[in-house]
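Please examine the sequence and the model shown here. A short dialogue between a student and a tutor then follows.

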Amino acid sequence: MMTSVDTDLMRVLADPLRMQIVTLLARETLCTTHLVEETGAKQTNLSNHLKVLREAGVVDTEPCGRFTYYKLRADVIASLAGQFAELAESARTATENKRACP
């Protein structure tokens, strides 16, 4: 049974800076200071993007003293990958399903 791809999550990940953040967090847990260094983005801009990712459930936070660390929620990414895998499988068989014109 094919499910539809989570379009809200796709919109969240469609932003290039957010995708860069997700890619960096896939490698290691980082704080805002690290992400500013890695991306070159302004801290306020980065914080806004992290808020969007947090609210979408893509990242979790971990307080550590005066810093907040961010880590990627692998289960969310795996779920999205699974949705795309189902979509790809459906596309493979789509050539066999041809609707007749009226």
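The dialogue takes up a helix, a histidine and a surface patch.

Tutor: This is a predicted model, in which local features need pLDDT of at least 70, side-chain atom pairs count only at pLDDT 80 or more, and totals for chains, interfaces and linings use all residues. Residues are numbered from 1 along each chain as its sequence is written, and side-chain values use heavy atoms, leaving out hydrogens and water.

Student: Within what arc do the buried residues of α2 fall?

Tutor: Helix α2 covers residues 16–27, helices being DSSP runs (H or I, at least four residues) numbered from the N terminus. Its buried residues (under 20% relative accessible area, 1.4 Å probe, protein chains only) are L17, R18, I21, V22, L24 and L25. They line one face of the helix, because seen down the axis of α2, by the directions from that axis to the C-beta atoms, they fall within an arc of 165°.

Student: Which exposed residues does the face of α2 turned away from its buried side carry?

Tutor: Exposed means over 50% relative accessible area. On that face of α2 the exposed residues are P16, A26 and R27.

Student: Is H49 buried or exposed, and what is its relative accessible area?

Tutor: H49 belongs to helix α4, residues 43–55. Leaving aside residues up to four places away in sequence, H49 touches D15, L17, R18 and I21, where contact means heavy atoms within 4.5 Å. H49 is buried, and its relative accessible area is 12%.

Student: What is the relative accessible area of L87?

Tutor: L87 lies in helix α5, residues 74–94. L87 is partly exposed (between the 20% and 50% limits), with a relative accessible area of 34%.

How values were computed: Helices (H or I, at least four residues) and strands (E, at least two) are DSSP runs, numbered from the N terminus. The expected span of a helix is 1.5 Å times one less than its number of residues.
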